[in-house]
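I opened my notebook beside the viewer today. Here is what I looked up, entry by entry, in case you would like to follow along.

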Amino acid sequence: MSADKHLQSWQERFEMAEAMQPLLGKLYRNQGVEVVVYGKPLLNASTIEIIKAHRLVRRHVGEKLRLRESFPFVQALSKLAVKQCKVDIGKLAVNYWRDHTDVSEIESYMAKELADAIDHADDVAPCDVVLYGFGRIGRLLARLLIERTGRSNKLRLRAIVLRGGKKGDLEKRASLLRRDSVHGPFNGSVEVDEENNAIIANGTYIQVIYANSPDEVDYTKYDINDALIVDNTGIWKDEAGLGLHLKSPGASKVLLTAPAKGAIKNIVYGVNEGDITPEDIIVSAASCTTNAITPVLKAVNDKYGIENGHVETIHSYTNDQNLIDNYHTADRRGRSAPLNMVITETGAAKAVAKALPALAGKLTGNAIRVPTPNVSMAIISMNLNAETSKDELNEYLKDTALQSPLQNQIDYTDSTEIVSSDLVGSRYAGVVDSQATIAEGKRAILYVWYDNEFGYSCQVVGVMQTMLGLTTLSLPA
């Protein structure tokens, strides 16, 4: 192909991606339809991100999906009265072009494939969400909720609750939402309403409330009712502490973004969210590490069986460590986080059993905090009940990441060059690094990357939706 043809091909793809964007936006804002390409979300995607999503189709089916081949499916989708669903136009297009050579039957094909979502009853009322705490996870959850803003959105961020309230606090909170040293600038506009103590982000009006205890807020004063309170502070972890939220008028359920103590259910979205019942008013989304390793462990256990194992977490430093050597109540954590590797404890391995009881008592774990601000790795060493090899295990995990019910939790890479910073912004719970896999006989070691901030936050949103009964129909099945 000549240089001119390469440029012409790129221009064609770029223009096609640009033409897709307004259609994708309207489908989500007006009908609650989220469009993906083999699981890769196109909601608020840039033209380059749309092009990249199409390029990745080769990993799934071994052949290209051109934008000119998928664009007619977006057009056809925009003409259908589909509501409140997730539609994979990548799968639809690939399946169609295997048996057809022209566009004449696309609309009838789409109507048939998406019949379950056409005129789908939209009788679920929007749910109010309050973020109690606005640290790393709180701000990323805000970004994820705000990107879904629209008439059909059912998760509505209504308020954030903070301690403090000193002069200038509101602008500083808005600035932290607007700019992030790891995850980059906020995609849109952030304004401050000083008079009403609120932040307005992409049209989402977020009331800022100051309080020192979960039970001293009256949410109904702000027209917030039956709200899901997402506690990001990590201060209260048992039923008694988290139950304080429910004493505040307007609060109805609580989700903790940390491991819980006692009988509170620890949920790893994609694995055991089916354990959540309408009667559960306090739930935990477990930890970032538990979310990263449990889907992979489930996949391995389902096929090979796990006799026992050990999980070593290489974890980026967190806000509870010190920048320079200083007093800390925990062992070793008082030493400078940016300058040291710090051995510490983790309950993630034992916590797996709460989401996956089949592995109760079979795993041990430890952690090393390292001088990186984000993205961690879990090294999972296992004794299996059945023999395997590196190639066989990798092929199975690749298929799991691409085709199984865990495809939204597990990603897979065969890159020989990938490093931690490449995974910043990953929406998956964990990413299997196939090049590092070791397997021989009944012994296997897996290396799983995870964005311990953003990937985990995406998992939390899934738990939020489940708690509120906001299940999404995914098509094609």
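The entries below go through sheets, helices, single residues, cysteines and aromatic rings.

**Entry 1: the model**

I noted before anything else that this is a predicted model.

**Entry 2: a four-strand sheet**

I began with the open sheet whose four strands come in the order β2-β1-β3-β20, with mixed pairing. I then looked at its edges: β2 (40-41) and β20 each have a single partner strand, so each has one side without a neighbour in the sheet.

How do β3 and β20 pair? I found them in the parallel sense, with three bridges between β3 (residues 85-88) and β20. To see this pairing in the viewer, I picked V87, whose bridge partner in β20 is L475.

I also followed helix α5 (residues 89-99), which lies across β1 (33-37) and β3. The angle that α5 makes with β3 is about 40 degrees.

**Entry 3: L468, ahead of β20**

Next I looked up L468, which sits in the loop between α13 (454-467) and β20 (473-475). Is L468 buried or exposed? I wrote down buried, because its relative accessible area is 17%, under the 20% cut-off.

I set aside the neighbours within four places in sequence and asked what L468 is in contact with. The answer is C127, L155 and L228. I also checked L468 against N197: they are 271 residues apart in sequence, and their C-alpha atoms are 28 Å apart in space.

**Entry 4: Q207**

N197 turned up again when I looked at Q207, a residue of strand β8 (residues 204-210). Leaving out residues up to four places away in sequence, Q207 touches R158, A159, I160, N196, N197, A198 and Y222. What does the side chain of Q207 reach in N196? I found the backbone oxygen, at 2.9 Å. I recorded Q207 as buried, since its relative accessibility is 11%.

**Entry 5: helix α7**

I went through α7 (residues 136-146) and found ten of its eleven residues buried, so this helix is largely enclosed by the rest of the structure. The buried ones are I137, G138, R139, L140, L141, A142, R143, L144, L145 and I146. I kept the helix repeat in mind here: with 3.6 residues a turn, residues three or four places apart point the same way.

**Entry 6: β13 and its two partners**

Which strands pair with β13 (residues 306-316)? I noted β16 (residues 376-389), which runs antiparallel to β13 and is joined to it by eight bridges. I also noted β15 (residues 363-370), which pairs with β13 in the parallel sense, again over eight bridges.

For orientation in the viewer I marked one residue pair on each side. I314 stands opposite M377 in β16, and S316 stands opposite V370 in β15.

**Entry 7: cysteines**

How many disulfides does the structure hold? I counted zero. I went back to C127, one of the contacts of L468, and asked why it has no bond. The closest cysteine sulfur to that of C127 is in C85, 18 Å away, which is too far for a bond. C127 counts as buried, at 13% relative accessibility.

C458 is in no disulfide either; the nearest cysteine sulfur to it belongs to C288, 13 Å away. I noted C458 as buried too, with a relative accessible area of 17%.

**Entry 8: aromatic pairs**

My last look-up was the rings, and there are eight aromatic pairs in the structure. F73 and W97 form an edge-to-face pair, with 6.4 Å between the centres and 80 degrees between the planes. F73 belongs to helix α4 (residues 67-79) and W97 to helix α5, so the pair ties together parts that are 24 residues apart in sequence. F73 is buried, with a relative accessible area of 0%, whereas W97 is partly exposed at 21%.

Y304 and Y396 form an edge-to-face pair as well, at 6.0 Å centre to centre and 90 degrees between the planes. This pair links distant parts of the chain, 92 residues apart: Y304 is in the loop between α10 (288-303) and β13, and Y396 is in helix α12 (residues 390-403). I found Y304 and Y396 both buried.

I closed with a cluster: ring pairs link F73, Y96, W97 and Y109.

Notes:
Residues numbered from 1 in each chain as written. Predicted model: local features only at pLDDT ≥ 70, side-chain atom pairs only at ≥ 80, totals over all residues. Heavy atoms only, no water. Helix = DSSP H or I, 4+ residues; strand = E, 2+ residues; numbered from the N terminus. Buried < 20%, exposed > 50% of the residue type's maximum accessible area, 1.4 Å probe, protein only. Contact = heavy atoms within 4.5 Å. Pairing = 2+ DSSP bridges. Axes fitted to C-alpha atoms, helices over the stretch in contact; angles between N-to-C directions. Polar contact = N/O pair within 3.5 Å; in protein donor to acceptor, adjacent residues only side chain to side chain. Disulfide = S-S within 2.5 Å. Phe/Tyr/Trp six-rings, centres within 6.5 Å; stacked < 30°, edge-to-face > 60°.
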